[in-house]
Amino acid sequence: MKTDVLLSIMAIASALFLVGGSTYAYFNDVEVAEGNTFTTGTLNLKVGDDDECTETMTFSNLKPGDSNDSAAIWLISNEGSIAGNLSVKIDNIINNENVITEPERESGDTTVGGELGAYLRLVFWMDVDQSGDWTAGDYCLLSNGTTESHGNIVSLDAVYDTLNNFNETWPGVQNSVAGGADFGQFIVAYTLLEGVGNTIQSDNCTFNISFTLDQDRSP
Ligand SMILES: [Ca+2]
Ligand SMILES: [Ca+2]
Ligand SMILES: [Ca+2]
Ligand SMILES: [Ca+2]
């Protein structure tokens, strides 16, 4: 009796071994995608020669009749690896009276703030193709906070305005510009018209120009 049971158990175990062993005979194959990596891109705006920006305009001893069509020529670049949108802002416009010269006083000037910003006429524009000239594809910043393209403005002479009127923000002046690409040369021109009079003697004006690069979120 015990022998029979033992034989039965051995038979079942043997059968199970054969069934279990037979599963290793099915076809099989494994492939592995190794080292999966996710890396972020970069977003970095460069204005002029250095990053961060060291550009600044400084002009002294200005007088009526002076003008300069290249007061600034700054290359604006998307130094990152992803596309971005460029915005520009001009703010912090400050007019200083400094001293009041005798001719200035004779003209009726007082010590309440300087007048240069009300007379200094400026143009801010982007030479997109970096040709140095106002050509197709270029655009300028208007003192009402909009931009105008070359196709609609024959000459930049038409868009000069006084510094005090340029306290504006121009959002998205150039969008979806690829990483590694240039926006163009940002150029500033100025003119101090003849006949502006003595009230601006010794005055100065200061202001900031901010450039912002935002991540392009278009599909
Ligand atoms: Ca930068
Ligand atoms: Ca003065
Ligand atoms: Ca151009
Ligand atoms: Ca003055």
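# Group meeting talk: two calcium ions and the protein around them

Let me start at the metal sites: the calcium ion (ligand 4) and the calcium ion (ligand 2) sit 3.6 Å apart, and Glu97 coordinates both. Please keep in mind that this is a predicted model.

So, who holds the calcium ion (ligand 2)? Its donors are Glu97 through both O and OE, Val99 through O, Glu104 through two OE contacts, Gln201 through O, Ser202 through OG and Asp203 through OD, at 2.2 to 2.7 Å. If you like to follow along in the sequence, these donors have the spacing E-x1-V-x4-E-x96-Q-S-D.

Now the other ion. Around the calcium ion (ligand 4), the protein donors are Glu97 (OE, twice), Glu104 (OE), Asp109 (OD), Glu115 (OE), Thr199 (O) and Asp203 (OD, twice), and they lie 2.2 to 2.9 Å from the ion. Here the spacing along the chain reads E-x6-E-x4-D-x5-E-x83-T-x3-D.

Are Glu97 and Glu104 buried or exposed? Both are buried. Glu97 has a relative accessible area of 6%, and since the cut-off for buried is under 20%, it counts as buried. For Glu104 the relative accessibility is 0%, so that residue counts as buried too.

Staying in this part of the chain, have a look at Asn96, which lies in strand β3. With a relative accessible area of 29%, Asn96 is partly exposed. Leaving out residues up to four places away in sequence, Asn96 touches Gly114, Asp203 and Asn204. You met Asp203 a moment ago, as a donor to the calcium ion (ligand 4). Asn96 and Thr111 are 15 residues apart in sequence, and their C-alpha atoms are 9.3 Å apart in space.

Let's step back to the whole chain. The protein chain has two helices and 10 strands, and in sequence order they run α-β-β-β-α-β-β-β-β-β-β-β. Of its 219 residues, 33% count as buried. The accessible surface comes to about 13,600 Å², with 51% of that belonging to carbon and sulfur atoms. How do the contacts spread along the sequence? Taking contacts between residues at least 6 apart in sequence, 78% join residues at least 24 apart.

On to the inside. The largest nonpolar core has 32 residues, and those with the most contacts inside it are Ile76, Leu86, Phe124, Phe186 and Phe211. Which strands feed this core? At least two residues come from each of β1 (45–47), β2 (67–78), β3 (84–96), β4, β5 (139–141), β8 (169–177), β9 and β10 (204–215). There is also a second, separate core of 11 residues, including Val123, Trp125, Trp134 and Leu156.

Phe124 deserves a slide of its own. At 0% relative accessibility, Phe124 counts as buried. Apart from its neighbours within four places in sequence, Phe124 is in contact with Ile90, Cys140, Leu141, Phe166, Phe186, Ile187, Val188, Phe207 and Ile209.

That brings us to the aromatic rings, and the count here is nine aromatic pairs. One to look at is Phe124 with Phe186: the ring centres are 6.3 Å apart and the planes meet at 25 degrees, so this pair is stacked. Phe124 lies in strand β4 (residues 121–127) and Phe186 in strand β9, so the pair ties together parts that are 62 residues apart in sequence. Phe186 is buried as well, with a relative accessible area of 1%. Ring pairs also link Trp74, Phe124, Phe166, Trp170, Phe186, Phe207 and Phe211 into a cluster.

Right beside Phe186 in the sequence is a residue of another kind, Gln185, found in strand β9 (residues 182–191). Gln185 counts as buried, at 19% relative accessibility. Not counting residues up to four places away in sequence, Gln185 touches Ile73, Trp74, Leu75, Trp125, Met126, Asp127, Gln130 and Gly132. Two of these names should sound familiar: Trp74 belongs to the ring cluster, and Trp125 to the second core.

Last stop, the cysteines. How many disulfides does the structure hold? Zero. Cys53 is partly exposed at 41% relative accessibility, whereas Cys205 is buried, with a relative accessible area of 16%.

To take home: Glu97 bridges the calcium ion (ligand 2) and the calcium ion (ligand 4), and Phe124 is among the residues with the most contacts inside the largest nonpolar core. Thanks for listening!

Key:
Residues numbered from 1 in each chain as written. Chains lettered and ligands numbered in written order. Predicted model: local features only at pLDDT ≥ 70, side-chain atom pairs only at ≥ 80, totals over all residues. Heavy atoms only, no water. Donors = N, O, S within 2.8 Å, 3.2 Å for Na, K, Ca; no water. Buried < 20%, exposed > 50% of the residue type's maximum accessible area, 1.4 Å probe, protein only. Helix = DSSP H or I, 4+ residues; strand = E, 2+ residues; numbered from the N terminus. Contact = heavy atoms within 4.5 Å. Disulfide = S-S within 2.5 Å. Areas by Shrake-Rupley, 256 points an atom, 1.4 Å probe, with all protein chains shown as cover. Phe/Tyr/Trp six-rings, centres within 6.5 Å; stacked < 30°, edge-to-face > 60°. Core = buried A, V, L, I, M, F, W, Y, C linked by side-chain atoms within 4.5 Å.
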